[in-house]
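Colleague: I am new to this one. Could you walk me through it?

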Amino acid sequence: MKARTLKKDKVNIITMGCSKNLVDSEVLLTQLKGNGIDASHESNQQDNNIIIINTCGFIDNAKQESIDTILQYVDAKEQGLVDKVYVTGCLSQRYKDDLEKEIPQVDAYFGTRDLPALLKKFKADYKHELVGERLLTHNAHYAYMKISEGCDRPCSFCAIPLMRGGHISRPIEELVKEAQHKAANGTKELLLIAQDSTYYGLDLYKKRNLADLLRNLSDVEGIEWIRLHYAYPTGFPMNVIEVMKERSNICNYLDIPLQHGSSSVLKTMRRGTTREKQEELIHSIRDLIPEIAIRTTLIAGHPGEGEAEFQEMVDFVERMKFERLGIFTYSHEENTHAHSMEDIIPAEVKQERANYLMEIQEQISYDLNQQKVGKEFKVLIDKKENGFFVGRTEFDSVEVDNEVLIDASKFYCRVGDFVQVKIHEATEFDLYGEVV
């Protein structure tokens, strides 16, 4: 039997999945430390005796990765390497009963809105005075800001409402306070995230209030870039684009997941829009801000997508020439509306379709990048890697978009600083430049 020691607990938080989960982990880390508990995020030290795994339950691959991670730490617990394993986040919100049966060695499972209950395990309180303050788990020059939680949309393929509940906006004053705190600690770029950012404010202010929020955040001193993610296209508030146009510190960038280019599949997906309406929206946005970079995501292989519907999506991508594009293959998720439909498209066909779309996008991205050669851009330096300083223009978000590479043997840049860069070469997804 392992001898009891009076060694102080050390907590390590492991995060799976998206940036929204990362924010939750950062809030948890801040609350634990605020209660005097020794906690870290994804520490490489081997002396942590309590593990908290913040899981993802979005699609099959992500679920499997979360389960593998739980099993890895349960195994470490059985070997006496850690004392306790707690599991929180989307997977345990969605499958708590199954997980308790299948992996009973976990000390406790928590859902996505159970932070106070999780803190109680550490005899800690949820400290309201820490709301708006957050310890970042990466370089402080950028920070994700979650403007709302949950989603009220009925999309056929999506399990997020099952895991995150209905839509709840955070008040503007709270978000402004958080932005001020971030700016005081060196944050220059805010990346606004939500399950559905265009729905922002409907619950609190009885109207879509994203434009007002953007104006208020834009006034915060020290914030040089504000970037908008996950804007749902149906009912998109065009006053957001007007604010983007009038405020220089709101990036000319919009992440707007369109999901398909066939009206019949969009109907099956319950997206509340058509291909024609989506094209009209994109044209309207580009008419107001011609230089805007539009990022979208599409799903290949949703039930109802035959060869003809897939070809419509191909034509859609070729016509729209999105600056940034991500493709997912359809994942058949329990308790979603689409789960009642037959998932008859083989996995390899879904993947072939996704690959085909990405080949088209590579050429589009290459052509658009060639137009940047010889031009100057304001670039935010994120890191130094493989002999290059790596940064981004306002048209690129962290980890998902193009990067600007600057030869570190010729130029010195400081991580977290803005520099003017002239582009001298471009590939499909990278720009090479020199500091002006």
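Modeller: Here are a few questions and answers on the fold, the surface and the cysteines.

This is a predicted model, in which local features need pLDDT of at least 70, side-chain atom pairs count only at pLDDT 80 or more, and totals for chains, interfaces and linings use all residues. Residues are numbered from 1 along each chain as its sequence is written, and side-chain values use heavy atoms, with hydrogens and water left out.

Colleague: What is the radius of gyration of the protein?

Modeller: The radius is taken over C-alpha atoms, and the globule rule is 2.2 Å times the number of residues to the power 0.38. For 436 residues that rule gives 22 Å. The protein comes close to this, so it is as compact as a globular protein of that length, with a radius of gyration of 23 Å.

Colleague: What share of the residues is buried?

Modeller: Buried means under 20% relative accessible area, exposed over 50%, and partly exposed in between (1.4 Å probe, protein chains only). Of the 436 residues, the buried share is 53%.

Colleague: How many disulfides does the count give?

Modeller: A disulfide here is a pair of cysteine sulfur atoms within 2.5 Å. By this rule the count is zero.

Colleague: Why does Cys 18 form no bond with Cys 56?

Modeller: Cys 18 is partly exposed, at 34% relative accessibility. Its closest cysteine sulfur is in Cys 56. That is too far for a bond, because the gap is 6.2 Å.

Colleague: Which cysteine has the sulfur closest to that of Cys 158?

Modeller: The distance is 6.2 Å, too far for a bond. The partner in question is Cys 155.
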